[in-house]
Amino acid sequence: MFSLYTDAATQPQSGLSAGGILIIHDHEQTQLKSRLSATNNHAAEFEIARLGFQRLAEIAGDACATTTVLFYTDSQIVSDSLQKHYAKHYQNLVDALLAAQAPFQLVLTQWVPEKQNQGAHTLANQALHSAEEAK
């Protein structure tokens with residue numbers, strides 16, 4: 001079983017977005033940061049979640065088909081959209097995220113408050129800060 005935490009951060013004035021991914025398996029953490037192409041926070045949340053599942057699939061390899069993933073997000077729209085398989089303005093992003101989840105046997109999505117997602121939140125803010133400095 002893997003636990004996957006993702007979070008995005010967006011600077012509205014510049015439109016820069018970045019995300020953090022925290023993967024926990026067998027008491028070991030993998031921490032990843034990424035600059036994102038999204039220019040608003042909702043799209044960034046979907047993008048980093050998709051990237052998180054893609055990276056997790058690389059780590060799990062052939063074991064994906066027998067792997068359960070506990071997915072934690074502090075994005076209400078991501079959580080709700082995954083439950084409904086629908087988002088009015090983000091359907092293409094929902095579809096891409098569902099496709100990234102498809103290789104896994106079971107994905108359990110859990111919305112968590114930001115304070116329970118501090119690892120991914122911190123990584124996202126670090127990545128955004130780096131992106132702003134590089135600009």
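1. In this predicted model, a good place to begin is Phe-71, which, once residues up to four places away in sequence are set aside, touches Leu-4, Thr-6, Ala-49, Phe-53, Val-78, Leu-82, Gln-101, Val-107, Leu-108, Thr-109 and Gln-110.

2. Phe-71 also belongs to the largest nonpolar core, which has 26 residues, and it is listed there with Leu-4, Phe-53, Leu-56, Leu-97 and Phe-104 as the residues that have the most contacts inside that core. Two or more residues of this core come from each of S1, strand S2 (16-25), helix H1 (41-60), strand S4 (68-73), helix H2 (76-84) and helix H3 (91-101). Of these elements, H1 gives the most, with 8 residues. As background for a student, nonpolar side chains in soluble globular proteins tend to be buried together.

3. A second core, separate from the one just described, has 7 residues, and Ala-9, Ala-124, Ala-127 and Ala-131 are among them.

4. Helix H2 deserves its own point: its residues Val-78, Ser-79, Ser-81 and Leu-82 are buried, and the buried residues of this helix pack against H1, S4, H3 and S5. Just after H2 comes His-85, which takes a positive phi of about 60°.

5. Is Leu-108 buried, exposed or partly exposed? This residue, which is found in strand S5 (residues 106-111), has a relative accessible area of 42%, and because buried means under 20% and exposed means over 50%, Leu-108 counts as partly exposed. Apart from residues up to four places away in sequence, Leu-108 touches Val-69, Leu-70 and Phe-71. Leu-108 and Asn-92, by contrast, are 16 residues apart in sequence and lie 21 Å apart in space, taken from C-alpha to C-alpha.

6. The last residue to look at with care is Asp-7, whose place is in strand S1 (residues 2-11). Asp-7 is buried yet has no salt bridge, and the nearest side chain of opposite charge, that of Lys-33, is 14 Å away. Which side chain, then, joins that of Asp-7 in a polar contact of 2.8 Å? The partner is His-121.

7. The wider surroundings of Asp-7 can be read from its contacts, which, leaving aside neighbours within four places in sequence, are with Ala-18, Gly-19, Gly-20, Glu-45, Ile-48, Asp-74, Asn-117, Ala-120, His-121 and Ala-124. One of these contacts, Ala-124, is also listed in the second core, while His-121 is the residue that shares the polar contact with Asp-7.

Conventions: Residues numbered from 1 in each chain as written. Predicted model: local features only at pLDDT ≥ 70, side-chain atom pairs only at ≥ 80, totals over all residues. Heavy atoms only, no water. Helix = DSSP H or I, 4+ residues; strand = E, 2+ residues; numbered from the N terminus. Buried < 20%, exposed > 50% of the residue type's maximum accessible area, 1.4 Å probe, protein only. Lys, Arg positive; Asp, Glu negative; His and termini not counted. Salt bridge = Lys/Arg side-chain N within 4 Å of Asp/Glu carboxyl O. Polar contact = N/O pair within 3.5 Å; in protein donor to acceptor, adjacent residues only side chain to side chain. Contact = heavy atoms within 4.5 Å. Core = buried A, V, L, I, M, F, W, Y, C linked by side-chain atoms within 4.5 Å.
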